[in-house]
Amino acid sequence: MKVASEFRHLWLEEKGNITQPCSTSDYLPTILEMTGLSQQGLYELDGESFLPFLSSEKAMRKKPLVFCSGTQGAVVTYDYKLYYNKGKFELYKLPQDPSEQNDISASHPDEVKKLSGYLHQ
C-alpha cells in the first residue's frame, strides 16, 4: 500500500519525491540526522534516515521494511513485497505490479527465502 506523506522543516534544503519505500519508523532517524544528534546510546532503531533518498535518486535502503502482526507480516524492498499469512507466502514485483495482483512466489523461490529471513530477525 502506498500512502502519501509530507515531511517539512524550515531549513531542509532537499525537496522532491522519494521513490524508496519509507515508514513512520524512518522519522526519528531522519530527525536525528537533520539535527546532528547521534543515535549512539539509543536502542537500535528499526528505521533509517530518508534524507539520502531526497538528495540522490540512486540511494537505496540499507535494509527492507518489515511489518509483523499476529499471523501475518510483510517485507518490502524497492523491487519486491513479500506477504506472509498463516504459513502462505505471496511475492510481488512492485515496479511492474504496484497493485499486487500477480503472485510470483512460485517462480522466485530464492527471493522468497531471502526475504522471509527478515521476518525472523
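## Strand pairing

Two strands count as paired if DSSP finds at least two bridges between them. In this predicted model, strand β3, residues 80–85, is joined to β4 by six bridges, and the two run antiparallel. One of the residue matches across β3 and β4 is Y83 with E90, the latter lying in β4.

β1 and β2 also pair in the antiparallel sense, over five bridges, with β2 spanning residues 72–76. Here C68 has G73 of β2 as its bridge partner. The hairpin of β1 and β2 has two residues between the strands, and G70 takes a positive phi near 60° in this hairpin.

## The sheet as a whole

The sheet is open and has four strands in the order β1-β2-β3-β4, with antiparallel pairing. Its edge strands are β1 (65–69) and β4 (88–93), each of which pairs on one side only. On average, neighbouring strands of the sheet are turned by 10° against each other, direction ignored. In general, strands of a sheet pair through backbone hydrogen bonds, in either a parallel or an antiparallel manner.

## Aromatic pairs

How many aromatic pairs does a search of the whole structure find? It finds two. In one, the ring centres of Y27 and F50 are 6.1 Å apart and the planes stand at 75°, so this pair is edge-to-face; the cut-off for that class is over 60 degrees. Y27 lies in helix α1 (residues 27–35) and F50 in the loop between α1 and α2 (51–55), so the pair ties together parts 23 residues apart in sequence. Y27 is partly exposed at a relative accessible area of 28%, whereas F50 counts as buried at 6% relative accessibility.

The rings of Y84 and F89 have centres 4.9 Å apart and planes at 45°, so this pair is tilted. Y84 is partly exposed, with a relative accessible area of 26%. F89 also counts as partly exposed, at 24% relative accessibility, because the buried class requires a value under 20%.

## The second largest pocket

The second largest pocket holds about 340 Å³ of space. Its lining consists of 15 residues, and those nearest the pocket centre are D46, K63, P64, L65 and V66. By class, seven of the lining residues are nonpolar, four are polar and four are charged.

The pocket and the sheet share a stretch of chain: L65 and V66 are among the lining residues nearest the centre, and edge strand β1 covers 65–69.

Conventions. Residues numbered from 1 in each chain as written. Predicted model: local features only at pLDDT ≥ 70, side-chain atom pairs only at ≥ 80, totals over all residues. Heavy atoms only, no water. Axes fitted to C-alpha atoms, helices over the stretch in contact; angles between N-to-C directions. 1 Å grid on protein atoms, 1.4 Å probe; cavity = no way out; pocket = protein on both sides within 12 Å on 5 of 7 lines; lining within 4 Å. Points joined across faces, edges and corners; volume = space filled by probe spheres on them. Nonpolar A, V, L, I, M, F, W, Y, C, P; charged D, E, K, R; others polar. Phe/Tyr/Trp six-rings, centres within 6.5 Å; stacked < 30°, edge-to-face > 60°. Buried < 20%, exposed > 50% of the residue type's maximum accessible area, 1.4 Å probe, protein only.
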